[in-house]
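Student: I have a structure to go through and would like to see how its labels are justified. Could you take me through the reasoning?

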Amino acid sequence: VQLQASGGGLVQPGGSLRLSCTASGIRFSNYAMGWYRQAPGNPRELVARITSGGGTNYADSVKGRFTISRDNAKNTVNLQMNSLKPEDTAAYYCNAVDMPRMYWGQGTLVTVSS
């Protein structure tokens with residue numbers, strides 16, 4: 001099983017980034033997919049999640065700015081991040097869950113700074 005995340009980088013406050021995570025080795029359509037983030041010194045936290053049926057939920061801190069979506073044909077989950085703030089700076093991790101199975105991807109770093 002592999003979850004390959006991409007799309008991180010350096011962006012100015014107010015800017016946008018789009019993260020993608022492509023899964024292999026799983027029946028992607030069966031899995032709830034999530035994006036988590038972890039800033040230095042902080043615990044990992046949920047950013048956004050999308051169920052196998054397409055239902056979504058978001059952390060309060062990103063509601064209205066971030067959008068999670070999935071493309072089952074491409075085994076991909078995306079996170080569109082708009083109006084980025086310095087406090088969004090973190091390593092972002094892709095997660096796949098179909099209990100009891102859970103998998104994590106490697107992090108992709110997002111830095112929001114002027």
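Student: Where is the place of Pro100?

Tutor: Pro100 sits in the loop between strand 9 and strand 10. Please keep in mind that this is a predicted model.

Student: What makes the peptide bond from Met99 to Pro100 cis?

Tutor: Its omega is near 10°. For background, most peptide bonds are trans. Met99 is found in that loop too, between strand 9 and strand 10.

Student: Why is Met99 called exposed?

Tutor: Exposed means over 50% relative accessible area. Met99 has 62%, so the label exposed applies. Met99 also belongs to a nonpolar surface patch with Met102 and Trp104, and together they have about 340 Å² of accessible area.

Student: How do you know that strand 9 and strand 10 pair?

Tutor: Pairing takes at least two bridges. Four bridges join strand 9 (residues 90-98) to strand 10 (residues 101-104), so the two count as paired, and they run antiparallel. Val97 stands opposite Met102 in strand 10, and the hairpin joins the two strands through two residues.

Student: What makes Asp98 and Arg101 a salt bridge?

Tutor: The cut-off is 4 Å between a side-chain nitrogen of Lys or Arg and a carboxyl oxygen of Asp or Glu. For Asp98 and Arg101 the closest N and O atoms are 3.0 Å apart, so the pair qualifies. Arg101 has a relative accessible area of 39%, which puts it in the partly exposed class.

Student: How many salt bridges does a search of the whole structure find?

Tutor: Five. One of them is between the side chains of Arg37 and Glu45, at 2.7 Å from N to O. Another joins the side chains of Arg65 and Asp88, at 2.8 Å from N to O. That second pair links distant parts of the chain, 23 residues apart: Arg65 is in the loop between strand 6 (56-58) and strand 7 (66-71), and Asp88 is in the loop between strand 8 (76-81) and strand 9.

Student: Why are Arg65 and Asp88 called buried?

Tutor: Buried means under 20% relative accessible area. Arg65 is at 10%, so it counts as buried. Asp88 has 1%, so it is buried as well. Salt bridges that share partners join Arg37, Glu45, Arg65 and Asp88 into one network.

Student: And which class do Arg37 and Glu45 fall into, buried or partly exposed?

Tutor: Arg37 has a relative accessible area of 7%, so it is buried. Glu45 is at 37%, so it counts as partly exposed.

Student: How do you know that Cys21 and Cys94 form a disulfide?

Tutor: The rule asks for cysteine sulfur atoms within 2.5 Å. The sulfur atoms of Cys21 and Cys94 are 2.1 Å apart, so the pair is a disulfide. The count by this rule comes to one. The link is left-handed, with -85° about the S-S bond. Cys21 lies in strand 3 (residues 17-24) and Cys94 in strand 9, so the disulfide ties together parts that are 73 residues apart in sequence. Cys21 and Cys94 are both buried.

Student: What makes the side chains of strand 7 alternate?

Tutor: Phe66, Ile68 and Arg70 point to one face and are buried, while Thr67, Ser69 and Asp71 point to the other and are not. In a regular strand, side chains alternate between the two faces of the sheet. Strand 7 pairs with strand 8 in the antiparallel sense over six bridges, and the bridge partner of Ser69 in strand 8 is Asn78.

Student: Which residue in the turn between strand 7 and strand 8 has a positive phi?

Tutor: Asn75, with a phi of about 55°, in a hairpin that has four residues between the strands. Asn75 is a residue other than glycine. Most residues other than glycine have a negative phi. Asn75 has a relative accessible area of 24%, so it is partly exposed.

Student: What is the phi of Ser83?

Tutor: Ser83 has a positive phi of about 50°, although it is not a glycine. Ser83 is in the loop between strand 8 and strand 9, and its 41% relative accessibility makes it partly exposed.

Terms used: Residues are numbered from 1 along each chain as its sequence is written. This is a predicted model: local features need pLDDT of at least 70, side-chain atom pairs count only at pLDDT 80 or more; totals for chains, interfaces and linings use all residues. Side-chain values use heavy atoms; hydrogens and water are left out. Patches are made of residues with over 30% relative accessible area and no salt bridge: like charges are joined within 9 Å, nonpolar side chains (Val, Leu, Ile, Met, Phe, Trp, Tyr) within 5 Å. Accessible areas come from the Shrake-Rupley method with a 1.4 Å probe; for residues, only the protein chains shown count as cover. Buried means under 20% relative accessible area, exposed over 50%, partly exposed in between (1.4 Å probe, protein chains only).
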